[in-house]
Amino acid sequence: MDHEIEELHRIACAAGQRGYRDPRTGLTVFTELAHLGRGRCCGNGCRHCPYAHVQVANPAKRKNAMRAPLLLRANPPTGLAMSDVLFYSGGKDSYLTARRHLKALAGSGRGLVLLTTCSGGVDGIVGHQQIPFRWVAAQAQAMRLDLLGVPLDATREYPAAIAHALSVLTSEHGIRVNSLVFGDLHVALIRAWREANVLTACGLGGVWPVWSAVPGANYAELERELLDDGAEVRVC
């Protein structure tokens, strides 16, 4: 994107405008503000799409990277004024965690937002599963759940990056966080690290819906839940 276009876009956004005229084609181009008002990527490879082109099917047209914490809204949105945030990797454990926690939230008045961290750049990769962030975005869309994408880089340690993303969720979207929800099954060291670092940095409590102090003790139960749910599972 050349300097002239960047400057036209900056001026339009500063004026609160939803579009500006391209100096070469004469066509109207949506600003980032217009896309944020929509709340999701339309899949057309728009020039100023802030959603990292997660719905763009053609790899050649995927050019925009996630630069900051990014909320992809479901329709209707599931992030309410008070919500829990569930760490979601795109794997079966986090899916089962979301399934269980949604049942626990029934009647509580709280919403649910998924949170996924990924590498920066176009087609950011979700570290634990080594899959593109857009795959997780597709899962969230299928489940009709809001998804908060958090790009990781060298400017912030992981706990600080999470705390910053949650502050953006509140300041820019009006969603206050009640609890953080994790899909750990039984590894005590990981749970202890989350408690000592992530929960401390965020000043929040944690919930572990699929946790078992005895490794494997709940595997049969979780397998039944996955089969009964009828969800399509892809082995990568």
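This report describes the overall form of a predicted protein model and then the surroundings of one residue, Tyr 20.

## Basis of the model

The model is predicted, so local features need pLDDT of at least 70 and side-chain atom pairs count only at pLDDT 80 or more, while totals for chains, interfaces and linings use all residues. Residues are numbered from 1 along each chain as its sequence is written, and side-chain values use heavy atoms, with hydrogens and water left out.

## Overall form

The protein contains seven helices and 10 strands, where helices (H or I, at least four residues) and strands (E, at least two) are DSSP runs numbered from the N terminus. Its radius of gyration, taken over C-alpha atoms, is 19 Å, close to the 18 Å that the globule rule (2.2 Å times the number of residues to the power 0.38) gives for 236 residues, so the protein is as compact as a globular protein of that length.

Along the principal axes, the C-alpha trace spans about 65 × 35 × 35 Å. Of the 236 residues, 42% count as buried, meaning under 20% relative accessible area with a 1.4 Å probe and protein chains only.

## The surroundings of Tyr 20

Tyr 20 lies in strand 1, which covers residues 19-21, and with a relative accessible area of 7% this residue is buried. Leaving aside neighbours within four places in sequence, Tyr 20 is in contact (heavy atoms within 4.5 Å) with several residues, including Ile 5, Leu 8, Val 29 and Arg 47.

Another of these contacts is His 48, whose side chain is joined to that of Tyr 20 by a polar contact of 2.6 Å; such a contact is a pair of N or O atoms within 3.5 Å, and within protein one must be able to donate a hydrogen and the other to accept it, while residues adjacent in sequence count only if both atoms are side-chain atoms.

Notes
Buried < 20%, exposed > 50% of the residue type's maximum accessible area, 1.4 Å probe, protein only.
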